[in-house]
Amino acid sequence: MMSAQPARRAVWRPLWQLPRRFDLIVSLTRRELAARYKGSALGIAWAILTPVVMIVIFTIVFAGIFKARFGPNNSQWDYALYLFCGLLPWNAFQESLQLSSNAIVSRANLVKRVVFPLETLPLSQALAAVANQMFGTIALLLAIVIVRHEVHPTILYLPALLIPQFIATLGGAWLLASLGVFIRDIVQGINLLLMAWMFLTPIIYPESIVPTSYRPFVNLNPFTALIRSYRGIMLDGNAPDWPGLGYFALFALILFLFGYWWFARTRKNFADVI
């Protein structure tokens, strides 16, 4: 029993030491952001341009052709705003998981260093993704001002949504970073899973058009409540969907704890596999 308890503490010790590695985490996050846009003509502007292009395409297809509508005015501009608001947090989550699945394998030289805190690599991926989301949020706020000539004070609830979202993202990043070492085609698998998950989340379509028989499945999706809350605070002037956000926070906490635990328990085998 005594030997088991120190082993459990050793698994969680690197997590408690993360605040001490603040400078390293900031440095890795900056390097990650710089690497994504290194050599490109537009640089960090791609963080805003990429979701904008996606929004234009989805708006033309779904609002223009299929006549899907969001918002009280049922206009194409409202559709674009609601779509932008839903895509921003989803893209941050998706981007972090996709890149983290290769985070350890692509840095095999660091795995050989016994003292290097490998848990900071997925963390820097998650932070870089959230930073990109913030750039996009600035663009969204500008679009809201241009289209609606107002910004709701409920935007101040934004940290209440970002914190559980980041916790879920980090847990998923740790889990996939580990799985990516042992299952090399996890990158292709996670891309398919995330694509299916996005279409099962009311991002490009409003919840109101979901048939009644499918509503329980849509509400079971934790991201449904998160997207609903983002749109509520930024576009509708409403408080977050607190019960739904609590459900998402529980999902985020479970994913965080399990993702870190799995990463910590398997990291000793990374060097042997790589």
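**Why these labels? A chat about the model**

Author: Let's start with Val52, which is placed in helix α3. Keep in mind that this is a predicted model.

Reader: What makes Val52 count as partly exposed, rather than buried or exposed?

Author: Its relative accessibility is 31%. Buried would need a value under 20% and exposed one over 50%, so Val52 falls in between.

Reader: And what makes Val52 eligible for a nonpolar surface patch?

Author: Patch members need over 30% relative accessible area, and Val is one of the nonpolar side chains on the list, so 31% gets Val52 past that cut-off. The patch covers about 580 Å², and Val52 shares it with Ile48, Val56, Ile60, Phe135, Ile138 and Leu142.

Reader: Which helix gives the most to the nonpolar patch?

Author: That's α3, with four residues. Both α3 (46-65) and α6 supply at least two.

Reader: Over to charges. How many salt bridges does a search of the whole structure find?

Author: Five. Take Glu32 and Arg107, whose side chains meet at 3.3 Å, N to O. Glu32 belongs to helix α2 (residues 22-37) and Arg107 to the loop between α4 (76-100) and α5 (108-111), so this pair ties together parts 75 residues apart in sequence.

Reader: Why is the pair of Glu32 and Arg107 called a salt bridge?

Author: The rule wants a side-chain nitrogen of Lys or Arg within 4 Å of a carboxyl oxygen of Asp or Glu. Here an Arg faces a Glu at 3.3 Å, so the label applies. As a general point, side chains of opposite charge can pair when their charged atoms come close.

Reader: Are Glu32 and Arg107 buried or partly exposed?

Author: One of each. Glu32 has 10% relative accessibility, which is under 20%, so it is buried. Arg107 comes in at 24%, so it lands in the partly exposed range.

Reader: What about Arg148 and Asp78: what makes that pair a salt bridge?

Author: Same reasoning: an Arg nitrogen and an Asp oxygen lie 2.8 Å apart, so the pair is within the 4 Å limit. Arg148 is in helix α6 (residues 120-148) and Asp78 in helix α4, 70 residues away along the chain. Arg148 is buried at 18%, and Asp78 is buried at 1%.

Reader: Which residues are linked with Arg228 in a network of salt bridges?

Author: Glu207 and Asp241. The Arg228 to Asp241 bridge has an N to O distance of 2.5 Å. Arg228 lies in helix α10 (residues 222-236) and Asp241 in the loop between α10 and α11 (242-266), so the parts they tie together are 13 residues apart. Arg228 is partly exposed, at 29%.

Reader: Now the rings. How many aromatic pairs are there?

Author: The count is 18. In one of them, Phe93 and Trp197 have ring centres 5.5 Å apart and planes at 85°. The centres are within 6.5 Å and the planes over 60 degrees apart, so the pair is edge-to-face. Phe93 is in helix α4 and Trp197 in helix α8 (residues 186-199), so this pair ties together parts 104 residues apart. Another pair, Trp174 with Phe256, has 5.4 Å between centres and 55° between planes. That pair joins helix α7 to helix α11, across 82 residues of sequence.

Reader: Why is the pair of Trp174 and Phe256 called tilted?

Author: Stacked needs planes under 30 degrees apart and edge-to-face needs over 60, so 55° leaves tilted. Both residues are buried: Trp174 has 0% relative accessible area, and Phe256 has 16%.

Reader: Which residues do ring pairs link with Phe93 into a cluster?

Author: Trp90, Trp197, Phe223, Phe248 and Phe251. Phe93 itself is buried, with 1%.

Reader: Phe93 also touches Thr169. What makes Thr169 count as buried?

Author: Its relative accessibility is 1%, and the cut-off is under 20%, so it is buried. Thr169 is in helix α7 (residues 158-182) and also touches Ala92, Ser96, Leu97 and Ala126. A polar atom of its side chain lies 2.8 Å from the backbone oxygen of Gln165.

Reader: And how many helices and strands are in the chain?

Author: Twelve helices and zero strands. Of the 274 residues, 46% count as buried.

Terms used. Residues are numbered from 1 along each chain as its sequence is written. This is a predicted model: local features need pLDDT of at least 70, side-chain atom pairs count only at pLDDT 80 or more; totals for chains, interfaces and linings use all residues. Side-chain values use heavy atoms; hydrogens and water are left out. Buried means under 20% relative accessible area, exposed over 50%, partly exposed in between (1.4 Å probe, protein chains only). Patches are made of residues with over 30% relative accessible area and no salt bridge: like charges are joined within 9 Å, nonpolar side chains (Val, Leu, Ile, Met, Phe, Trp, Tyr) within 5 Å. Accessible areas come from the Shrake-Rupley method with a 1.4 Å probe; for residues, only the protein chains shown count as cover. A polar contact is a pair of N or O atoms within 3.5 Å; within protein, one must be able to donate a hydrogen and the other to accept it, and residues adjacent in sequence count only if both atoms are side-chain atoms. Contact means heavy atoms within 4.5 Å. Rings of Phe, Tyr and Trp (its six-membered ring) pair if their centres lie within 6.5 Å; planes under 30 degrees apart count as stacked, over 60 as edge-to-face and the rest as tilted. Lists of a residue's contacts leave out its neighbours within four places in sequence.
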